[in-house]
Amino acid sequence: MIPALPDTHLLPASHPLSDGRTASSPLVRAYHGVRSDRTPVWFMRQAGRSLPEYRELRVGTRMLDACLDPEMASEITLQPVRRHGVDAAIFFSDIVIPLRLAGVGVDIVPGRGPVLEHPVRTAADVAALPPLDPDTLAPITAAVQRTVAVLGSTPLIGFAGAPFTLAAYLVEGGPSKDHLAARGLMHSDPDAWDALLAWCAEVTGTFLRAQVLAGASAAQLFDSWAGGLSLLDYRDRVAPASARALDPVRGLTATPAGGVDPVTVPLVHFGVGTGELLAAMRDVGVDAVGVDWRIPLDEASRRLGGATPVQGNIDPALLSAPWPVLERHVTDVLERGRSAPAHVLNLGHGVPPETDPDVLSRIVEFVHGRA
Ligand code: CP3
């Protein structure tokens, strides 16, 4: 028996984690620190431009419109599962979707990334940010429901952008290398910064909860640009907001039938260049930590104290190397991953658009072929 939980923490009986579809999947088990016969594998940005079927479907539809069309978002989410046989789907959406749904003027410019109509630079700009009406999340709920209805025992990962990464786009007005304006605001107007991160935590947490309640079996928070922060700034000025963003999905629990132990929705936290931040990122309260390609997984696991499951960290640059070179690298990643309690094989960052999709399929086949 588990201690009595408030009803709000119990997932519905029809959720894939509750009804026996995904609670024992290699992915969910690995995020909870339990190894299976095979190492689960999926790829960040597996849904997207490396797939010809994605490029074909997207013709004539803008990125954010595709994310808000439940049929299209669901189909794009399923494409890499069908093609590669990966152990998880990741919901096709974008970290800026909750901003768009709240009414913030944001678009994704092909080849560039998210661009804001009006950058958020002052306390007044922050105060003017609109609240997110939960009803606007209907297309997200519909897309997730459609997707899990066909995924069967393959878990769907829901995701959201962490407050710092969202704030970096909002303040800079677009992609930036060093996020000087965002990091400047943090120190020049600490109250405006805190208010901005609180707003981001609220909208991104609402977006994440909608995905989990609709059927996602795990949730990943992307703090892609946190690696540009000092550990001190990360801990004091950013991590508390990331913890709040996860609160709406923290402890959501399924009580599967058939004697399977209760299972919480596992939470995963990832950022690029975060070797110095790994333990602090774990300490926002997650089950597993994603690692980029810059430090080997055995070193990452050591920095995490050896008790945290890790995800990663094939160098995306090696996807274009001859197979024997890539195979050696993947083998090395798998071996180093053994020093953690469990390992989910992934890339150290997203699939580059020019990647040959057959290479991704071959990695999956190779990993599944190893015990
Ligand atoms: O397969 C998956 O990983 C699921 C889909 C996904 C997308 N964006 C689709 C997408 C996920 C998880 C994201 C998250 C996201 N979006 C992050 C965090 C992950 C990371 O990469 O660090 C960030 C920083 C963004 C913001 C963003 N959106 C960028 C930087 C870009 C690239 C712009 C470009 O054209 O190079 C996007 C656009 C985007 N998001 C695309 C996709 C498939 C490409 C748009 C297209 O196909 O036209």
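What is the mean pLDDT of the protein, and what percentage of its residues reach 70 or more? In this predicted model, the mean pLDDT is 96, and 98% of the residues reach 70 or more.

**View 1. The N-terminal residues 1-5 have pLDDT under 50.** Over this stretch the pLDDT stays under 50, and the model has five contacts for residues 1-5 beyond four places in sequence.

**View 2. Strand β8 covers residues 267-270, and its residues are buried.** In a regular strand the side chains alternate between the two faces of the sheet. Within β8, L267 and H269 point one way, whereas V268 and F270 point the other way, and all of these residues are buried.

**View 3. Strand β8 pairs with β5 and is joined to β9.** Strand β5, which spans residues 218-222, pairs with β8 in the parallel sense over four bridges, and F222 stands opposite F270 of β8. Strand β9, made up of residues 288-290, also runs parallel to β8, and three bridges join these two strands. The bridge partner of V268 in β9 is A288.

**View 4. The ligand has 27 residues around it.** Among these residues, R45, Y54, G111, S224 and H349 come nearest to the ligand.

**View 5. Oxygen atoms of the ligand lie close to polar atoms of Q46, R49 and G111.** An oxygen atom of the ligand is 2.7 Å from a polar backbone atom of G111, and one is 3.1 Å from a polar backbone atom of Q46. For R49, the distance from a ligand oxygen atom to an N or O atom in the side chain is 3.0 Å. Taken alone, the ligand exposes 860 Å², of which the protein buries 92%.

Technical notes
Residues numbered from 1 in each chain as written. Predicted model: local features only at pLDDT ≥ 70, side-chain atom pairs only at ≥ 80, totals over all residues. Heavy atoms only, no water. Buried < 20%, exposed > 50% of the residue type's maximum accessible area, 1.4 Å probe, protein only. Pairing = 2+ DSSP bridges. pLDDT = per-residue confidence, 0-100. Contact = heavy atoms within 4.5 Å. Near = heavy atom within 4 Å. Polar contact = N/O pair within 3.5 Å; in protein donor to acceptor, adjacent residues only side chain to side chain. Areas by Shrake-Rupley, 256 points an atom, 1.4 Å probe, with all protein chains shown as cover.
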